[in-house]
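New to this one? Here is a quick briefing on a few spots to look at, grouped by topic.

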Amino acid sequence: MNDLLKRTQAIKLAIFDVDGVLTDGKLYFLVDGSEFKTFNTLDGQGIKMLINSGVRTAIISGRKTPVVERRAQNLGIQHLYQGREDKLDVLDELLAELGLSYEQVAYLGDDLPDLPVIRRVGLGMAVASANEFVREHAHGVTRARGGEGAAREFCELIMRGQGTLDAAQSAYL
């Protein structure tokens, strides 16, 4: 069994960054000052499957937007933290609340603010389109780019390592 699959076995909580991970990283602003983001439906299905397998989920984002709140609600993501630049502080708060350890957390990020969390958790991964320095310091890198199936790949890796992926997929046969 490879190192990434071994790391998945203890995972109880999966955390996602938003811009560049659940989206392609582009920020779209309309003339009225509002913004919109595009999300990948494959990622959404992967997150739902992961939740149904018993893994808790969270979003930690440095930006704050109602679009992310709506997406989190639609997917059933249990913990949402927006407008929080120090993601390691948020992680510590969340772990204290849930009674979990760093080793029980998987994190998917793409840029420097994600790096302290990526380096601390049991499974810290970067998307293929992540900053090079972040990719070098992550436990693994997805094949897919942010907003293009990277979150799905991350979710399926965790489920594969925990032995829940086959059953989740077979439910659709």
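A residue counts as buried under 20% relative accessible area and as exposed over 50%, with partly exposed in between. Y28 comes out at 26%, so this tyrosine is partly exposed. Keep in mind that you're looking at a predicted model.

**Aromatic pairs**
- A pair of aromatic rings is described by the distance of the centres and the angle of the planes.
- The count here is 2 aromatic pairs.
- One of them is F16 with F154, set edge-to-face with 5.5 Å from centre to centre and 80 degrees between the planes.
- F16 belongs to strand β1 (residues 13-16) and F154 to helix α7 (residues 150-162), so this pair ties together parts 138 residues apart in sequence.
- Both F16 and F154 are buried.
- Y28 and F36 also pair up: their ring centres are 4.8 Å apart and their planes sit at 15 degrees, so they're stacked.
- F36 has a relative accessibility of 36%, so F36 is partly exposed, and Y28 is partly exposed too.

**A charge over a ring**
- Look at R120 next: its charged end sits over the ring of Y102, 5.2 Å from the ring's centre.

**Around T38**
- You'll find T38 in the loop between β3 (35-36) and α2 (41-52).
- With a relative accessible area of 40%, T38 is partly exposed.
- Leaving aside residues up to four places away in sequence, T38 touches L22, T23 and D24.
- From T38 to R120 it's 82 residues in sequence and 29 Å in space, C-alpha to C-alpha.

Technical notes:
Residues numbered from 1 in each chain as written. Predicted model: local features only at pLDDT ≥ 70, side-chain atom pairs only at ≥ 80, totals over all residues. Heavy atoms only, no water. Helix = DSSP H or I, 4+ residues; strand = E, 2+ residues; numbered from the N terminus. Buried < 20%, exposed > 50% of the residue type's maximum accessible area, 1.4 Å probe, protein only. Contact = heavy atoms within 4.5 Å. Phe/Tyr/Trp six-rings, centres within 6.5 Å; stacked < 30°, edge-to-face > 60°. Lys NZ or Arg CZ within 6 Å of the ring centre and 35° of its normal.
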